[in-house]
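User: Please take a close look at one part of this model, the surroundings of the second ligand, and set it against the rest of the chain where that helps.

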Amino acid sequence: MPQQQQQQQQRKKALITGITGQDGSYLTEFLLKKDYEVHGIIRRSSSFNTGRLDHVYQDPHSDTTRLFLHYGDLTDSSNLFEIVVKVKPDEIYNLGAMSHVKVSFEMSEYTAEVDGTGTLRLLNAVRSAGLEKSCRVYQASTSELYGKVQEIPQSETTPFYPRSPYGVAKQYAYWMIVNYREAYGMHLTNGILFNHESPRRGNTFVTRKITRAVVRVKTGKQDVIFLGNLDAKRDWGHARDYIEGMWLMVQRDEPSDYVLATGECHTVREFVEVAFARVDMRVLWKGEPGSVDEVGVDAADESRVLVRVDPKYFRPTEVDLLVGDRAKAERELGWVPKTTFKALCEEMVDADMADLLAGNDG
Ligand code: NDP
Ligand code: GDR
């Protein structure tokens, strides 16, 4: 058998839902480097939605291509079945989701369809394709499952109390993974990931919203950043580090569920301070902390308001404090995050500044 054909037969195949998102793009890079053949599901859109993948794009007409994109959607069972049958993946990473917590209050039914039932559709597609013994599935579960604080830090044994339609939909998916693992002996894993960010983070998540705005304020393109709850505390890590953890989970002989977290938590207010410090600006907070009257002013000119609170960004029910205990992942997977909070924030600010200076700040 020619060598190229032999390599193709031995090469592992991964299928990624949500390949166009932040995590999907890092995972694609990671798996291509590990010599996988990578298949991704993309949604039809009236404009290009593959910007995060441009740098790894491969011409589908070339014999050596290892990245393939398929149109699909987690709301379409027959489409998922056909893709699974065609690709016959060794591993599936289910990252596709309506992933914005605030938006999930406005699109609650759709969020349930995609994030909850969508996971079930995918699992059923694997079973119907007869791949339940050979195909491993990673489910993008979330620290939003913990919701209302029951325990600090939160681990695999902390009870769930989701606080949004997003969290509730993800809880359904979590339990489908556990149920199908127990019922059918499938290799299914929940990665309970705490917030992870990067320069590729969507623009409306708080970290990226802040870093984009900070460079615009610094360069005089914007005056004020409007934010919601400045007191929210999150355990923020770097997406690149978390992708490796996902892969490590799937490689385990025995499937299980794992928390990935840094174990450190910071307020939104602190993130604002570190981001401004990166562009040599200092924020002073004035007014009642946590009230709509609180403002962040420029320490060099206190009449200049840099941050205001807009209640429009408050959530009907908030998740106040997330901080994870990654002991199990560290013990069983050898996973530890490599990027500190400060380094993460600074990398994001630097990337947004570079983009802005290159004229790409949208
Ligand atoms: P993004 O929002 O960046 O990406 C979401 C992806 O899902 C995009 O590719 C999006 O496509 C796709 N998608 C949305 N709706 C559908 C649908 N109906 N059918 C198929 N695909 C769809 O999220 P992240 O990369 O940040 O997160 C990846 C996963 O991990 C998500 O499931 C998220 O809920 C979960 N998670 C994320 C955490 C984080 O901190 N980032 C923490 C814990 C869990 P399009 O580009 O077309 O919009
Ligand atoms: P989160 O991320 O809800 O934790 O979900 P997000 O960045 O949206 O919010 C974090 C915290 O910041 C507060 N906040 C604001 N949030 C946004 N988006 N915009 C604002 O202006 C703003 N001001 C304050 C929020 O109230 C919240 O407390 C992310 C997503 O990636 C999920 O998909 C994932 O499951 C969880 O992280 C873990």
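Analyst: What follows describes the shell around ligand 2 and the helices linked to it, then the other ligand and some backbone details.

The model is predicted. Ligand 2 is surrounded by 22 residues, and the closest are Val101, Thr142, Val206, Gly228 and Ala232. Two elements, helix 4 and helix 7 (206–218), give two or more residues to this shell. Sorted by class, the residues around ligand 2 comprise 9 nonpolar, 7 polar and 6 charged.

Helix 7 deserves a fuller description. Its 13 residues reach 18 Å from the first C-alpha to the last, close to the 18 Å expected at 1.5 Å a residue. The helix is mostly covered, with 10 of its 13 residues buried. The buried positions of helix 7 are Val206, Thr207, Arg208, Ile210, Thr211, Arg212, Ala213, Val214, Val215 and Val217. Val206 thus appears both in this buried set and among the residues closest to ligand 2. The cover over the buried residues of helix 7 includes strand 7 (196–197), strand 8 (225–227), helix 9 (268–278), strand 15 (301–309) and helix 11 (341–357). After helix 7 comes Gly220, with a positive phi near 75°.

Helix 4 (101–106), the other element named for the ligand 2 shell, is also part of the cover over helix 5. Helix 5 (residues 108–128) has 21 residues and reaches 28 Å between its end C-alpha atoms, close to the 30 Å expected at 1.5 Å a residue. A kink of about 40° is centred on Thr117. Among the buried residues of helix 5 are Asp115, Gly116, Gly118 and Thr119, on either side of the kink position in the numbering. Besides helix 4, the cover of the buried residues of helix 5 includes strand 1 (13–17), helix 3 (77–87), strand 4 (91–94), strand 5 (136–142) and helix 6 (165–184). Gly130 follows helix 5, and its phi is positive, near 75°.

Ligand 1 has a shell of 26 residues, the closest being Gly18, Gly21, Gly96, Ala97 and Ala140. Helix 2 (22–33) and strand 5 each supply at least two residues of that shell, and helix 2 gives the most, with 3. The classes around ligand 1 are 8 nonpolar, 15 polar and 3 charged. Strand 5 therefore has two roles here: a supplier to the ligand 1 shell and part of the cover over helix 5.The loops hold some backbone details. Between strand 5 and helix 6 lies Pro153, and the peptide bond from Ile152 to Pro153 is cis, with omega near -10°. Most peptide bonds are trans, and most residues other than glycine have a negative phi. Asp35, in the loop between helix 2 and strand 2 (37–42), has a positive phi of about 70° although it is not a glycine. Asp35 counts as exposed because it has 11 C-beta neighbours inside 10 Å. Asp280 likewise has a positive phi, of about 60°, and lies in the loop between helix 9 and strand 13 (283–286). With 8 other C-beta atoms within 10 Å, Asp280 is exposed.

An unreviewed UniProt entry places the feature "domain: NAD(P)-binding" at residues 15–348. In the model, the end C-alpha atoms of this span lie 28 Å apart, and the span is 37% helix and 19% strand.

How values were computed:
Residues are numbered from 1 along each chain as its sequence is written. Chains are lettered from A and ligands numbered from 1 in the order in which they are written. This is a predicted model: local features need pLDDT of at least 70, side-chain atom pairs count only at pLDDT 80 or more; totals for chains, interfaces and linings use all residues. UniProt positions are given in the numbering used here, feature names are shortened, and annotations may be inferred rather than shown by experiment. Helices (H or I, at least four residues) and strands (E, at least two) are DSSP runs, numbered from the N terminus. The expected span of a helix is 1.5 Å times one less than its number of residues. The bend at a residue is the angle between axes fitted to the seven residues ending there and the seven starting there. A residue is buried if 20 or more other C-beta atoms lie within 10 Å of its own, exposed if 12 or fewer, and partly exposed in between; C-beta atoms are placed from the backbone. Two residues are in contact if their C-beta atoms, placed from the backbone, lie within 7 Å. A residue is near a molecule or strand if its C-beta atom, placed from the backbone, lies within 6 Å of it. Ala, Val, Leu, Ile, Met, Phe, Trp, Tyr, Cys and Pro count as nonpolar, Asp, Glu, Lys and Arg as charged, and the others, Gly among them, as polar.
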